[in-house]
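Trainee: I have a model open and I'd like to learn how to read it. Could you walk me through it?

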Amino acid sequence: MNKDIIHCLECNKILRKTDHDNAPIFVFDKNLNDFISVPKDDYKDFTIEHKGHHLRELSVLEDSSISKMSCRDKAQVGYFKATNGKKVFLIKKWRNNINEPLHYKIMEDSRLKVKNVKVTCQADLIRIHLKKQFVWMDNGKIERFVEIAAHSVEKMDLSAMEECFWDTGDSMVVLAKLGFQEIREILRECQKFLTWVQLKSIRDFIEENNCDNGVMTVIVHKKMRIERFNLRGIRHKRKIIFNS
Ligand SMILES: [Zn+2]
């Protein structure tokens, strides 16, 4: 594992080593009326600033990063985990505005907890695809199908979702597959107003679109919170940090 974090225990400051650590920065020189490059080495600067201090190296745990960009102020907050081989640390990263470098802070005795809080069907996309694919499906039948699907999805077990698509542009929103129970319930209700041939087409439609970002997959909204523990390992504080 790469030791990509240096933590000064005395100042509680963190440096995350990156490929850009010694890339020059460009500043405007008034006398020359032009931008000039200034050499910079973050790693060297950090080791000089914290010379003689108690430093520890940590490795970032793969796939442990979760972040959210605020569209309003372009500020970014994220969390990831790193380890010294014995203990796992939760690290917060943020920048207050787009021009600022990232700041890092170790969240002592804290744990991230992500929970599914709401699930909905992709009603509008289902309508569009049904209309395009089945000429025999009039608006009445489409609406009835969407209503049945929405009703079935509402009752899904939030703790047992089979996630299948994550690239939604929001780390607190993923897509998940309809379960066997839901598909069975939807088909059972559809029997009431579809012929056997139509029912078979709908069954195929559900199966074909119930993976990746297919229209029959469901939208899962998540909430993330940080739980803080005291020295005896008892949880004493909870704070919701991300919401979908
Ligand atoms: Zn220091």
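Mentor: Let's go from the overall make-up to the helix contacts, the strands and one loop residue.

Mentor: Two housekeeping points before that. Residues are numbered from 1 along each chain as its sequence is written. This is a predicted model, so local features need pLDDT of at least 70, side-chain atom pairs count only at pLDDT 80 or more, and totals for chains, interfaces and linings use all residues.

Trainee: How many helices and strands are there in the protein?

Mentor: Helices (H or I, at least four residues) and strands (E, at least two) are DSSP runs, numbered from the N terminus. Here you get five helices and 14 strands.

Trainee: And what share of the residues counts as buried?

Mentor: A residue is buried if 20 or more other C-beta atoms, placed from the backbone, lie within 10 Å of its own; 12 or fewer makes it exposed, and in between is partly exposed. In this protein, 16% of the 244 residues count as buried.

Trainee: At what angle do helix 2 and helix 3 pack?

Mentor: You fit axes to C-alpha atoms, for helices over the stretch in contact, and take the angle from 0 to 180 degrees between N-to-C directions. Helix 2 (residues 123–133) and helix 3 (residues 139–154) pack at about 140°, their axes 10 Å apart. The contact is made by Ala-123, Ile-126, Arg-127, Leu-130 and Lys-131 of helix 2 and Ile-142, Phe-145, Val-146, Ala-149 and Ala-150 of helix 3. Contact means that C-beta atoms, placed from the backbone, lie within 7 Å.

Trainee: What classes of residue make up that contact of helix 2 with helix 3?

Mentor: Ala, Val, Leu, Ile, Met, Phe, Trp, Tyr, Cys and Pro count as nonpolar, Asp, Glu, Lys and Arg as charged, and the others, Gly among them, as polar. That gives eight nonpolar, no polar and two charged residues for helix 2 with helix 3.

Trainee: How does helix 3 pack with helix 4?

Mentor: At an angle of about 145°, with the axes of helix 3 and helix 4 9 Å apart. Phe-145, Ile-148, Ala-149, Ser-152 and Val-153 of helix 3 meet Glu-182, Glu-185, Ile-186, Glu-189 and Cys-190 of helix 4. The contact of helix 3 with helix 4 has six nonpolar, one polar and three charged residues.

Trainee: Are helix 4 and helix 5 roughly parallel or antiparallel to each other?

Mentor: Under 35 degrees counts as roughly parallel, over 145 as roughly antiparallel, 65 to 115 as roughly perpendicular and the rest as oblique. The axes of helix 4 (residues 180–190) and helix 5 (residues 196–208) come within 10 Å and cross at roughly 155°, so the two are roughly antiparallel. Ile-183, Ile-186, Leu-187 and Cys-190 in helix 4 meet Leu-199, Ile-202, Arg-203 and Ile-206 in helix 5.

Trainee: Now strands. How many bridges join strand 1 to strand 2?

Mentor: Strands pair if DSSP finds at least two bridges between them. Four bridges join strand 1 (residues 5–8) to strand 2 (residues 13–16), and they run antiparallel. Cys-8 stands opposite Lys-13 in strand 2. The two strands form a hairpin with four residues between them, and Asn-12 in the turn has a positive phi of about 55°.

Trainee: Which strand does strand 12 join through four bridges?

Mentor: That's strand 13 (residues 218–229), running antiparallel to strand 12. Val-174 stands opposite Val-220 in strand 13.

Trainee: Last one: is Asn-97 buried or exposed?

Mentor: Asn-97 counts as exposed because it has 9 C-beta neighbours inside 10 Å. Look for Asn-97 in the loop between strand 8 (88–95) and strand 9 (103–107).

Terms used. Two residues are in contact if their C-beta atoms, placed from the backbone, lie within 7 Å.
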